[in-house]
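Visitor: I am new to this structure and would be grateful for a close look at a single part of it. Please take one chain and explain it in a connected way.

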Amino acid sequence: MVIVGNKIKKIILYFFLVLIALNFLYPFFFMFLSSLKNNPEILQNPYGFPSVWRWSNYSRAWTKAGLGMSVLNSSVVTVSTVILTTFVCSITSYILARHKFRLNFAIFSFFLLGLMIPAQGTIIPTFMILRKLKLVNTYFALIFPYTAVSIPFAILFLTGYMKSIPISLDETAVMEGCGEFRIYAQIIFPLSKPALVTVAVLTMLDSWNEFLYALILATKPKVRTLPIALSLLVGEHIQEHGVQTAAAIISLSVMLVAYIIFQKQMVEGLTTGAMKG
Amino acid sequence: MYRRNKIIIPLFILPALILYITFMVYPIFWTVFVSLFKWSGIQLGAMKFQGLSNYIKLFTTPMFYRVLKNTGILMLFSVFVRIPIGVVLSVVLYKAFRGYKFFRSIYFFPVVISSASIALMFSLIYSPSMGIINITLEKLGLGSLSRIWLADPKVVIYAAIAPITWQYIGLMMFLSLTGFQSISEEIFEAAEMDGAVGWKKLRYIMLPLNWDAIQVCIIISVIGSLRSFDHVYILTGGGPNHASEILGIYLYKQAFTVFHFGYASSIATFILVFGFLFSVIFKKYFSVTY
């Protein structure tokens, strides 16, 4: 009896788990199916597979909706932000983790305060600063603020990790005649790789998806990023659902691939970030 | 400890510090400062100091309370719908069984997708003529329930915040999971030996021990609601007739469509202070140590 009861329990459990999984996955799948149909097909056959797979929706999204340009812009901004963030934060964290000096803890805490600053609180002055620097509607208008926003978490995470690397390694290196630059570049930086990957992945995710800064600081088509391009499609009056969904699929497929590869880092980064914020 | 080369300290810290101060610290102070001025943002010379009058205007504007009410609805859904679902999922999935990792990854997936993609997806789901909701209602013979979800003032706020509630369930689940992972397995075993199983175990052992994690969920949900912007902006822009306007959108409109930078800054300061006070007070009065 107990065994049968357990089995039934298990079946019910899996039933609900699958149901909830469908709740999270089906909308994406539905969107994917719609991206291969035209309007009349969506209306007549909303749930099923398309009769003709209209991949042309994708090429039209790419060219007509200007998505190609936005993919390029998002890529440039994201890659630059990731490189800049990991570089400046890894050198700062190296100092904070390895050097004893009076202001060390004060500087570390000062960086952490940034976790509490909302984007709305900084957006207006950031706009003014960038306008003065004549950087509005350039890639830098996004790269600099995105990096600044990523700094608090990156420093928190990297400093913590670097502190866990045995200091005896540095001491041996010094006896071998290594200077600070080589200790950083040849010992600490390579050994911090797991933490660096988490920081890079999280920065990539945030920069690729960011909306508010992009909406205000990069409005021109030549610098427009993907989220903004997508939002403009929503407001269109002559709606072609197939093209719209194709655009969304193009945008989220990048994160889907990243998620499959870096799931562990994304979960770790997002939960740690939330805990400290 | 051997002697460290002190010269590299500023050299290595300054790049991050300069970026951080220029685009985070300086702006946040500037925002608080500007909230004391009347300023249209065109030129600095046109700033007029007026003390707290932006705040007086803020707290006496009926629109502000309407916006606050909408933000409150979002907050309620985030705290009382999203968190319980996330916590229940974490209770089911914290122990290893066949497929638990798979389900965890699926539930978390929407969290990493851009708010713009999610909003676009929901705009199609809500579409009056071709949206899956209305089509399904029609097919079920419930056509009378179908409506223009994003233009009906009665339901628009719920329609607009549904994607936000839905998208971040997985994050709540993982926050709660990390809480469970920090509790030693022995405590659960001991509790089970003492007869705490099923609901009792959940109510008296698991949830209280996981209170720290749930607290984090509550704080980020409340602060997240105050800051929320993307989904609602894309779906409705706050309309129709402000029916779905939340704080983030009110601020954006005041700053970038009518250029009341001073007034908008007072809204930003309100968001900052409210969020800060909430987390401090909440942590102080609701932290329980067992």
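What radius of gyration does chain A have, and what would a compact globule of 277 residues have?

Guide: The model before us is predicted, and the values that follow should be read in that light. Chain A has a radius of gyration of 24 Å, whereas a compact globule of 277 residues would have one near 19 Å. Taken along the principal axes, the C-alpha atoms of chain A fill a box of roughly 75 × 70 × 35 Å.

The division into domains adds to this picture. Chain A is divided into domain 1, covering residues 2-34, and domain 2, covering residues 65-276. The centres of these two domains of chain A, taken over C-alpha atoms, are separated by 35 Å.

Let us turn to the secondary structure. Chain A contains 13 helices and zero strands. Its pattern, read along the sequence, is accordingly written α-α-α-α-α-α-α-α-α-α-α-α-α.

One helix merits particular attention. Helix α13 of chain A runs over residues 241-276 and has 36 residues. A straight helix, at 1.5 Å a residue, would reach 52 Å, yet the end C-alpha atoms of α13 in chain A are only 40 Å apart. Along α13(A) there is also a kink of about 90°, and this kink is centred on A:Phe262.

The interior may be considered next. Of the 277 residues in chain A, 47% are buried. The largest nonpolar core has 163 residues, and A:Leu217 and A:Ala247 are those with the most contacts inside it. Helix α7 of chain A, residues 140-163, supplies the largest share of this core, namely 16 residues.

A:Ala247 can be followed further through its contacts. Leaving aside residues up to four places away in sequence, A:Ala247 touches A:Ala61, A:Ala65, A:Leu67, A:Leu230 and A:Leu233. For chain A as a whole, among contacts between residues at least 6 apart in sequence, 80% join residues at least 24 apart.

Chain B may be set beside this account. Chain B has 14 helices and two strands, and buried residues make up 45% of its 290 residues. The C-alpha trace of chain B spans about 80 × 75 × 35 Å along its principal axes. Among the contacts in chain B with a separation of 6 or more, 70% are between residues 24 or more positions apart.

Conventions. Residues numbered from 1 in each chain as written. Chains lettered and ligands numbered in written order. Predicted model: local features only at pLDDT ≥ 70, side-chain atom pairs only at ≥ 80, totals over all residues. Helix = DSSP H or I, 4+ residues; strand = E, 2+ residues; numbered from the N terminus. Rg over C-alpha atoms; globule rule 2.2 N^0.38 Å. Buried ≥ 20, exposed ≤ 12 C-beta atoms within 10 Å, placed from the backbone. Contact = placed C-beta atoms within 7 Å. Expected span 1.5 Å × (residues − 1). Bend = angle between axes of the 7 residues up to and from the residue. Domains from an automatic or database assignment. Core = buried A, V, L, I, M, F, W, Y, C linked by C-beta atoms within 7 Å.
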